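Got the viewer open and a selection box ready? Let's take a walk through the empty spaces, the strands and a couple of odd backbone angles.

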Amino acid sequence: MKRSEINEIMAEADAFIRSFGFVLPPFAFWTPEEMQANRTRIGGIISGRMGWDITDYGQGRFDELGLFLFTLRNGRLADLQAGGGMCYAEKLLISRKDQISPMHRHYLKAEDIINRGGAPLAIELYGSAADGSFDESAGGTVLCDGIERPFRPGEILLFEPGQSVTLMPGDWHAFWGEGGDVLIGEVSTVNNDDADNWFREPVGRFAEIEEDTAPTHLLVSDYKAWLS
């Protein structure tokens, strides 16, 4: 993805988020230079990989295969392993009209996916094989707003604004905005995008960036180069 495209997506996402009465935290709007100047104060942001995250899954087709994310807060894996402390994470996502987030599951993370506003959110679901791998014949059961909901293999569930689904680590899922853009909330256990995503097809989690202009704000994938 071109950096100029990423800058534009950030501006559009901010406007979309604000249209639902939600405002991102102040550090979201710091310039790269402000992030560098505050480096000694933002260890939690850097280690938790909080902030902007825009991906085309390395495929170069963002409008068809991609996702906008902003990690608002993220706990510590050590706390989760110890069984107490900051064991949670929260994100905002934007899935554009018919923009696929590809079929995947998580090894560790359980997550509530909430339609916060906009179009219906479509989620395609499968269960797992005994070894956790994708199984096109496997269904399962999820919680929709706390109510048990069995699903058939490959069934697509639609969630209107205010509705949610709880996905456990073995639940394979793909999602998109059905007929329009959708603002999505994610509340989960500690998030680790470097190691906790198992994709059905081999794709990259983060975009490769063509630096055709300076970044307006840093992506979480920029932190190592800019803030180490």
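Start by selecting β4, residues 101-106: with 3 residues, this strand makes the largest share of the lining of the largest cavity. Keep in mind as you go that this is a predicted model.

Now fill in the rest of that cavity. Show L67, L69, H104, H106 and E186, which lie nearest its centre among 20 lining residues. The space they surround comes to about 180 Å³. Add β2, β3 (88-95), β5, β11 (172-177) and β13 (197-199), since each of these strands, like β4, supplies at least two lining residues. Colour the lining by class and you should get 8 nonpolar, 6 polar and 6 charged residues.

How many cavities of 30 Å³ or more are there? The count is 2, and the second largest has a volume of about 40 Å³. To find it, select F27, A28, W30, M35, G51, W52, H217, L218 and Y223. The classes here are 7 nonpolar and 2 polar, with no charged residue in the lining.

Next, the open space. Select S47, G48, N74, G75 and N191, the residues nearest the centre of the largest pocket, which has 23 lining residues. Its volume is about 400 Å³. Helix α3 (43-47) and strands β1 and β2 each contribute at least two residues to this lining. By class, the pocket lining splits into 8 nonpolar, 9 polar and 6 charged residues.

Back to the strands: switch to cartoon and pick β5, residues 111-118. β5 pairs antiparallel with β12 (182-189) through 7 bridges; click D112 and look across to its bridge partner in β12, V187. β5 also pairs with β10 (164-167), again antiparallel, over 4 bridges. For a spot to zoom in on, take I114, whose bridge partner in β10 is S164.

Last stop, the backbone. Most residues other than glycine have a negative phi. Select Y57, in the loop between β1 (51-55) and β2 (67-74): phi there is positive, about 55°, although the residue is not a glycine. Then hop to D145, in the loop between β7 (140-144) and β8 (147-151), where phi is also positive, near 50°.

Turn on the surface for these two. Which is buried and which partly exposed? Y57 is buried, with a relative accessible area of 4%, while D145 is partly exposed at 43%.

Methods:
Residues numbered from 1 in each chain as written. Predicted model: local features only at pLDDT ≥ 70, side-chain atom pairs only at ≥ 80, totals over all residues. Heavy atoms only, no water. Pairing = 2+ DSSP bridges. Buried < 20%, exposed > 50% of the residue type's maximum accessible area, 1.4 Å probe, protein only. 1 Å grid on protein atoms, 1.4 Å probe; cavity = no way out; pocket = protein on both sides within 12 Å on 5 of 7 lines; lining within 4 Å. Points joined across faces, edges and corners; volume = space filled by probe spheres on them. Nonpolar A, V, L, I, M, F, W, Y, C, P; charged D, E, K, R; others polar.
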